[in-house]
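This report walks through a single protein chain for a reader who has not met it before. It begins with the cysteines and then turns to other parts of the chain.

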Amino acid sequence: MPLIAMVIGLAAGLAVWVVLDQIQSRQVNRIFDQELRDQLDLQARESLIRFDRYLASYGMTTRLLANHRRLAEYLEPLFWSKEGAAAPLVYQEFRPYWLPDFFARDALRPPSQVLLTDPQGRVRELYQAGTRSLPAELATRVPAQFLDPASVRTVPVKLGAGLYLLASDAVEDSAGYPMGFLVVLVPIDEAFLAASQRGMDPSRAAVALVEGDDQRILASADSANLVPGSTPNQWGDRYLMTSQSLPQYEGADDNLLFATFVTQGNVERMSRHVRIFEHRQRLFAAVVFILVFTWVIYLVSARLNRVLKRMTRFSQRALGIPEPGFHREGNQLLLLEEWIAHFTQLVLKAREEMNRRHQAEMRESEALKAAVMEAALDSIVTLDHHGRIIEVNPAAGRIFGIARQEVIGAAFGERLLPEVARTAFRRLLDRSRHDGLEPAGRGELVALRGDGSEFPVEISIVPIDLESERFYTLYIHDITQRKQAEREIKSLARLASESPSPILRVSAAGQIAYANNASRPLLLAWGTEQGGALPTEWVAEVAEALGQGEPRERETTLGSQVYALLFAPFRDLGYVNIYARDITAVRRAEQASRQHQAELVHVSRLSTMGEVATGMAHELNQPLSAIVNYANGCTRRIQGGQGTPDDLLGALSQIASQAKRASEIIRRLRALVGKQPPSRADVDLNHLVREVCSFVEFETGKLSIQIELDLAAEPIPVHVDLVQIEQVLLNLVRNALDALEESPETERRLLIHTGVQGAEAVVAVRDSGPGVEPERLKRLFDPFFTTKEGGMGMGLPISQTILENHDGRIWAESEPGQGTIFHVTLPLAQSAADADADPAPPAHTASGISR
């Protein structure tokens, strides 16, 4: 028997060694292949996360620059014209005042250019940081897809032959008005990619940006080994490569891929050394195994042979009865085997019964545990004393984005926590190992999801002692929303204090509960401070705003400054927020504009006076000649004693009538050319038309024209400046008379029509002149454009400005050879508009004189 055992042991050992050598060799190869793939996937995730964070750093820096106080102060007095293309202001050898050096502070690659654009994307100012020229695509305008007034944009984009990171954000002046965009342009080259992968060993891995269409490397962190312009397939013998798209950078037309390259040489060399070492170790272990196994089998078989002989003799003496079938004769080993089999059956039966009871208890315990784990809202993870995961509940799988089989047996800190949080987790675990500490292992950490993203969690560790081994139960709660809410609350709390405009919070009683730093000028002007009371007049405004529950806006003048105050009530909380805005510059600009317009209108009237002076002189000459004739006739009759009192009274009456006529002509002339502040009143539009016709009686007589009036039967009340509207109508009539001079006398015709359309009064001036060509018709209202040889080209633009100030309109229709029609609309006076809220279609409209 010992000899047979030695032979069997030797054969078994050799067979096991041959099988294990094949299996383990394949297994080692599989392990290293899997390791290489795992390294590639892990490196790809880590490198993409580093790249995203690096780009996000540029986005945050761009936002800091766009919201910096220097830039807001710089933009406050700045004005960019919306028309025309002006050459941008270029800073070549020095950094502009409005651009702090945040890039060096944040250890970022400096930009090649920083652009300041208007809201339409036109480049207004340019900071040239180096010798690299600005791409032609951005020379004059930044495309709209790279600009977003609502958020910061960070886009890798290919411009010309280069690859750039374009970061943009909206900018505002100190008053909060949008002024345009701040655009930062950073070249993406080897240095940029190397900086984005700070901390990565370049000998083990490298990254590159690849053109998605033709699979060409645009830029790499190791250009000596990964040459730009080549394809990743050319380096397949040296690297393993994986590429990932960049879908989060929308707005660019380029299809860019982020590629990660892992060197095969290091892993292959290590795999080869391990395989050689494993082969040697297995050979040595097999020899030792065969010798030891053979020796042990030999000793055991020899010992067992002696034991079996004694047991056979003992069993024959102890069991001298035929039950359970033992006989003294025969092979004693077989007899012992028979006896042992019977005894074994009894033992197995008892063990099976105990197993059934134990399994039933275990099933009940496991069912209760599974129910608790399944129903728990928080994540529950169970660890052994080494910190390895032995169980997770479904809630943990959901918040970590993992499957149970993926993490069983893995170290919790290495698998589900980033490196920065592992030290803190070990401290919590060590604290929970000491009994009597309260609370036991509780704290906030940063956890890692299956996709590599990080999120904040609250962890509570409870130790469990079973027999001689200790386990740990981790209760994990996702606090992402709570942290986000805390950040939003802190941000909102700083909003009012950071605002450049005054913001105050006032109670219903008029007490100032809060005032930001920008409110200091208002508080000084009102003679109060935070915690004090508002002036009495503004307390009433606060009470009225709370009573109505709607925002109210008021203006106030404090010294030389004008402020617009917006009262925003919060009735349920019992306070009003006052938002103030300095509108001094706006009001001064409006006043200057009105003064300039009045001066321009007066100049236009003086110009018109020169044109109508001859006609007015003729009109004045007629009543004055009549007065002289009547006075001479009275003198002759009195001297000759021929006149009767009745004749003399009739002549004196004619003298008085002609004198009134001359006085009325002078009054109209003074009203037309006199410089006076704008004053509006309700007048009849028909009366204005008749007045204007009286101004041009001399010109119409010279041209042998009788103005045809198609006026509305009822008065048309309009609320206007009498002089300005008369100037508009006079300008249109004189333009029509000038046009008729070119037509034959028999074909000259001038028609003025008035009417009402809805809530508007309409006037149409139609002439039968030569008309206006379509190309010139489009430019009639452009300043300094004229069709007359001696004209200034300002009559129609001024008329258009006057009508726009009256909420009216003016336009022209013309066909060459058929004449021209000028249409004017004005809103009816309020009383007439209310009376005619739903009027019937008027009998006379502008369409009644259309061709």
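Cysteine 634 has a relative accessible area of 9%, so it counts as buried. Cysteine 693 is buried as well, at a relative accessible area of 14%. The model is a predicted one, and its count of disulfides is 0. A disulfide is a covalent bond between the sulfur atoms of two cysteines.

**The chain as a whole**

The chain has 851 residues, and 39% of them count as buried. Its secondary structure consists of 21 helices and 27 strands. Taking the contacts between residues at least 6 apart in sequence, 58% join residues at least 24 apart. The accessible surface of the chain is about 48,200 Å², and carbon and sulfur atoms account for 55% of that area.

**Helix α16 and glutamate 726**

Cysteine 693 is one of the buried residues of helix α16. This helix covers residues 685-695 and is mostly covered, with 9 of its 11 residues buried. Besides Cys693, the buried residues are Leu685, Asn686, Leu688, Val689, Glu691, Val692, Ser694 and Phe695.

Which residue caps the N-terminal end of α16? The cap is aspartate 684, which has a side-chain oxygen 3.1 Å from the backbone nitrogen of asparagine 686. Asparagine 686 is itself among the buried residues of the helix.

Glutamate 726 belongs to another helix, α18, which runs over residues 722-740. Leaving aside residues up to four places away in sequence, glutamate 726 touches Leu688, Glu691, Val692 and Phe695. These four residues appear among the buried residues of α16. Is glutamate 726 buried or exposed? Its relative accessibility is 6%, and therefore glutamate 726 counts as buried.

**Aromatic rings**

The model has 13 aromatic pairs. A pair of aromatic rings is described by the distance of the centres and the angle of the planes. Two of the pairs involve phenylalanine 192 and are set out below.

| Pair | Centre to centre | Angle between planes | Arrangement |
|---|---|---|---|
| Tyrosine 54 and phenylalanine 192 | 5.1 Å | 70 degrees | edge-to-face |
| Tyrosine 58 and phenylalanine 192 | 5.7 Å | 25 degrees | stacked |

Both pairs link distant parts of the chain. Tyrosine 54 is in helix α1 (residues 2-66) and phenylalanine 192 is in helix α4 (residues 190-196), with their positions 138 residues apart in sequence. Tyrosine 58, also in helix α1, is 134 residues apart from phenylalanine 192.

Tyrosine 54 and phenylalanine 192 are both buried. For phenylalanine 192 the relative accessibility is 0%, which is why it counts as buried. Tyrosine 58 counts as buried because its relative accessibility is likewise 0%. One aromatic cluster brings together Tyr54, Tyr58 and Phe192, with Phe103 as a further member.

A ring elsewhere in the chain has a charged residue over it. Arginine 449 lies over the face of phenylalanine 455, at 4.0 Å from the ring centre.

**Backbone angles in two loops**

Most residues other than glycine have a negative phi, and most peptide bonds are trans. Serine 704 is not a glycine, yet it has a positive phi of about 55 degrees. It sits in the loop between α17 (697-702) and β22 (708-710). At 46% relative accessibility, serine 704 is under the 50% cut-off for exposed residues, so it counts as partly exposed.

Aspartate 807, again a residue other than glycine, also has a positive phi, near 60 degrees. Its place is the loop between α20 (795-805) and β26. The relative accessible area of aspartate 807 is 62%, so this residue is exposed.

**Glutamate 813 in strand β26**

Strand β26, at one end of the loop that holds aspartate 807, spans residues 809-815 and contains glutamate 813. Glutamate 813 has a relative accessible area of 39%, which means that it is partly exposed. Its C-alpha atom is separated by 9.4 Å from that of proline 774, and the two residues are 39 residues apart along the chain.

Key. Residues numbered from 1 in each chain as written. Predicted model: local features only at pLDDT ≥ 70, side-chain atom pairs only at ≥ 80, totals over all residues. Heavy atoms only, no water. Buried < 20%, exposed > 50% of the residue type's maximum accessible area, 1.4 Å probe, protein only. Polar contact = N/O pair within 3.5 Å; in protein donor to acceptor, adjacent residues only side chain to side chain. Phe/Tyr/Trp six-rings, centres within 6.5 Å; stacked < 30°, edge-to-face > 60°. Lys NZ or Arg CZ within 6 Å of the ring centre and 35° of its normal. Disulfide = S-S within 2.5 Å. Contact = heavy atoms within 4.5 Å. Areas by Shrake-Rupley, 256 points an atom, 1.4 Å probe, with all protein chains shown as cover.
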